[in-house]
Amino acid sequence: MISVRSVLLGAVSAVALVSAAHAADVVQPVEAPAGFNWSGAYVGVGGGFGASVHRFSVDPLIDFNGIGGNGVFGEVTAGYDYMVSERLLLGGFIDANIGNIGPSISFPGADIDLTNAYGFDVGLRAGYLLNPTTLGYVLGGYTWNHFKLEG
């Protein structure tokens with residue numbers, strides 16, 4: 001015969017076990033790490049060494065193969081990109097450059113230097129995130145350069 005004490009002990013034990021099992025199931029979900037955000041402003045500086053080689057001919061009279069020169073350049077860049085959606089990016093930029101890269105030609109009695117002195121670029125970028133850290137994009141814009149001819 002089942003006593004009231006046994007039923008009560010069984011009920012309390014069952015409630016305690018169910019409560020413990022229920023507490024173990026209530027785990028706070030761990031938030032997934034946020035995706036990389038490419039939005040924002042950026043600035044940059046750069047510089048380097050460059051060289052140019054040109055081919056110029058007017059057959060059969062004139063043939064200047066391998067006319068070239070070298071020099072240094074510097075650049076300043078500023079831009080802004082905005083994530084339109086989770087994977088689509090739109091942005092714009094402007095670059096300014098200065099340098100002395102260009103060919104030199106020596107003739108008897110004359111030296112001619114053509115130098116890419118300074119310029120700027122403005123453009124737009126449309127990009128697509130291939131994965132969280134890789135952006136594939138296309139650029140379009142306008143470039144203007146000032147060449148200096150001395151001789």
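# Terms and values in a predicted model

User: Why is Glu 150 called partly exposed?
Analyst: Glu 150 has a relative accessible area of 39%. Buried means under 20%, exposed means over 50%, and partly exposed lies in between (1.4 Å probe, protein chains only). The value of 39% falls between these limits, so Glu 150 is partly exposed. The model is predicted: local features need pLDDT of at least 70, side-chain atom pairs count only at pLDDT 80 or more, and totals for chains, interfaces and linings use all residues. Residues are numbered from 1 along each chain as its sequence is written, and side-chain values use heavy atoms, with hydrogens and water left out.

User: What makes the contact of Glu 150 and Lys 148 a salt bridge?
Analyst: A salt bridge is a side-chain nitrogen of Lys or Arg within 4 Å of a carboxyl oxygen of Asp or Glu. For Glu 150 and Lys 148 the distance from N to O is 3.9 Å, so the pair meets the cut-off. Lys 148 is partly exposed, at 38%.

User: How many salt bridges does the structure hold, and which side chains does Arg 125 meet in one?
Analyst: The structure holds two salt bridges. In one of them Arg 125 meets Asp 81 at 3.3 Å, N to O. Asp 81 belongs to strand 2 (residues 62-83) and Arg 125 to strand 5, so the salt bridge ties together parts that are 44 residues apart in sequence. Strands (E, at least two residues) and helices (H or I, at least four) are DSSP runs, numbered from the N terminus.

User: Are Asp 81 and Arg 125 buried or exposed, and how do you know?
Analyst: Asp 81 has a relative accessible area of 7%, and Arg 125 has 12%. Both values are under 20%, so both residues are buried.

User: Over the face of which ring does Arg 125 lie?
Analyst: Arg 125 lies over the face of Tyr 137, at 5.0 Å from the ring centre. A charge sits over a ring if NZ of Lys or CZ of Arg is within 6 Å of the ring centre and within 35 degrees of the ring normal. Tyr 137 is also the bridge partner, in strand 6, of Gly 127.

User: Why is the pair of Phe 120 and Tyr 142 called tilted?
Analyst: Rings of Phe, Tyr and Trp (its six-membered ring) pair if their centres lie within 6.5 Å; planes under 30 degrees apart count as stacked, over 60 as edge-to-face and the rest as tilted. By this rule there are three aromatic pairs. The centres of Phe 120 and Tyr 142 are 6.2 Å apart and their planes stand at 50 degrees, so this pair is tilted. Phe 120 lies in strand 5 (residues 110-131) and Tyr 142 in strand 6 (residues 134-150), 22 residues apart. Ring pairs link both of them with Tyr 118 and Trp 144 into a cluster.

User: How do you know that strand 5 and strand 6 pair?
Analyst: Two strands pair if DSSP finds at least two bridges between them. Here 17 bridges join strand 5 to strand 6, which run antiparallel, so the condition is met. Two residues lie between these strands in a hairpin.

User: Which residues does Thr 115 touch, and what makes Thr 115 count as buried?
Analyst: Contact means heavy atoms within 4.5 Å. Leaving out residues up to four places away in sequence, Thr 115 touches several residues, among them Ile 101, His 146 and Phe 147. Its relative accessibility is 12%, so Thr 115 counts as buried.
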